[in-house]
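Please open the model in your viewer and keep the selection panel at hand. The stops below each begin with something to select and continue with what can be found there.

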Amino acid sequence: VEAAGGSGRIELLDVADPAAWEALRERLEHDWPHLDLLVNNAGVAVSGDVGRCSLDDWRWIVDTNLWGVIHGCHVCVDWLKRNPRGSHVINTSSLAAIGSFPGMGAYNVTKAAVVSFSETLHSELARHGVGVSVLCPSFFPTALIDNGRFASPAERRIARGEFKRTKLTAEAVA
């Protein structure tokens with residue numbers, strides 16, 4: 001952004017906390033009259049067959065992967081609409097949204113919901129000059145495995161192996 005002559009900054013927040021989103025928007029609106037781009041990219045991983053994956057892990061992943069996207073869009077949508085130059089939302093999903101890989105039900109569900117939510121937003125926001133894209137990358141190395149919750153050490157090893165085999169990089173996805 002800065003190389004292109006703009007300005008930007010990184011803010012940390014708990015995406016599952018709507019009050020944190022409200023506070024972030026208020027801070028940013030104070031400094032910037034318009035929001036050009038909202039990127040909802042926070043995500044976590046959970047593995048385990050349905051019935052083995054704990055309900056606490058289901059809640060954790062839904063709070064981050066789905067509610068985080070919902071909160072970000074809900075809190076920022078009016079600000080995005082007010083941009084006279086137009087604006088854009090990018091929501092990160094995953095190939096898992098359509099792949100429905102076994103042992104990843106909780107992850108698959110959250111990512112499929114992000115696709116559906118993004119398609120709905122696209123239809124609702126187009127007339128306001130707000131574009132919406134959903135990104136559905138396959139496996140690529142991130143901290144997702146390190147911070148994820150896995151039903152067994154073997155499942156973590158399998159996921160780590162998939163990350164090591166891929167030629168896709170975070171930079172390429174970005």
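The tour goes from the sheet to its helices, then to the cores, and ends at a helix and one of its residues.

**The sheet**

Bear in mind from the outset that this is a predicted model. Begin by selecting β1, β2 and β3, which form an open sheet of three strands in the order β1-β2-β3, with parallel pairing. Because β1 (37-40) and β3 (130-135) stand at the edges and each has a single partner strand, one side of each is left without a neighbour in the sheet. Neighbouring strands of this sheet are turned by 10° against each other on average, when direction is ignored.

Next, display the pairing on either side of β2. Between β1 and β2 the parallel pairing extends over four bridges, and here Leu-38 stands opposite Val-89 in β2. On the other side, six bridges join β2 (residues 87-92) to β3, again in a parallel run, and Ile-90 can be found opposite Ser-133 in β3.

**Strand β1 and Asn-40**

Now colour β1 by side-chain direction: Leu-38 and Asn-40 point to one face and are buried, while Leu-37 and Val-39 point to the other and are not. Select Asn-40, which is found in strand β1. Its relative accessibility is 5%, and Asn-40 therefore counts as buried. If neighbours within four places in sequence are left aside, the contacts of Asn-40 are Trp-21, Gly-68, Val-69, Gly-72, Cys-73, Val-89, Ile-90, Asn-91 and Thr-92.

**The helices across the sheet**

Add helix α2 (residues 55-81), which lies across β1, β2 and β3 and runs at about 175° to β1. Then add helix α4 (residues 105-125), which lies across β2 and β3 and runs at about 165° to β3. From its first C-alpha to its last, α4 with its 21 residues reaches 30 Å, close to the 30 Å expected at 1.5 Å a residue.

Which residues of α4 are buried? They are Gly-105, Ala-106, Tyr-107, Asn-108, Thr-110, Lys-111, Val-114, Val-115, Ser-118, Leu-121 and Leu-125. What covers these buried residues includes α2, β2, α3, β3 and α5.

**Helix α3 and the loop after it**

From α4, move to Ala-97, which lies in helix α3 (residues 96-99). Ala-97 counts as buried because its relative accessibility is 12%. Apart from neighbours within four places in sequence, Ala-97 is in contact with Asn-108, Lys-111, Ala-112 and Val-115. A distance label from Ala-97 to Ser-116, drawn C-alpha to C-alpha, should read 9.5 Å, although the two residues are 19 residues apart in sequence.

Step on to Ser-100, in the loop between α3 and α4. Phi of Ser-100 is near 45°, a positive value in a residue other than glycine.

**The nonpolar cores**

Select the largest nonpolar core, which has 20 residues, and among them Trp-21, Leu-38, Cys-76, Leu-80 and Val-89 touch the most other members. The elements giving two or more residues to this core are α1 (18-31), α2, α4 and β3, and the largest share, eight residues, comes from α2.

Centre the view on Leu-80, which touches Leu-35, Leu-38, Ser-87, His-88, Val-89 and Val-130, not counting residues up to four places away in sequence. A second, separate core of 14 residues can then be selected, including Val-44, Val-46, Phe-150 and Phe-163.

**Helix α6 and Glu-155**

Finish with helix α6 (residues 153-165), whose 13 residues should span 18 Å at 1.5 Å a residue, and whose end C-alpha atoms are 19 Å apart, which agrees. In α6, the residues Glu-155, Ala-159, Gly-161 and Phe-163 are buried, and the buried residues of this helix pack against α5 (144-147).

Is Glu-155 buried or exposed at 19% relative accessibility? The cut-off for a buried residue is under 20% relative accessible area, so Glu-155 counts as buried at 19%. With neighbours within four places in sequence left aside, the contacts of Glu-155 are Ser-47, Gly-48, Arg-52 and Phe-150. As a last step, display the side chains of Glu-155 and Arg-52, which are joined by a polar contact of 3.4 Å.

Conventions
Residues are numbered from 1 along each chain as its sequence is written. This is a predicted model: local features need pLDDT of at least 70, side-chain atom pairs count only at pLDDT 80 or more; totals for chains, interfaces and linings use all residues. Side-chain values use heavy atoms; hydrogens and water are left out. Two strands pair if DSSP finds at least two bridges between them. Axes are lines fitted to C-alpha atoms, for helices over the stretch in contact, and angles run from 0 to 180 degrees between N-to-C directions. Contact means heavy atoms within 4.5 Å. The expected span of a helix is 1.5 Å times one less than its number of residues. Buried means under 20% relative accessible area, exposed over 50%, partly exposed in between (1.4 Å probe, protein chains only). A polar contact is a pair of N or O atoms within 3.5 Å; within protein, one must be able to donate a hydrogen and the other to accept it, and residues adjacent in sequence count only if both atoms are side-chain atoms. A nonpolar core is a set of buried Ala, Val, Leu, Ile, Met, Phe, Trp, Tyr and Cys residues joined through side-chain atoms within 4.5 Å.
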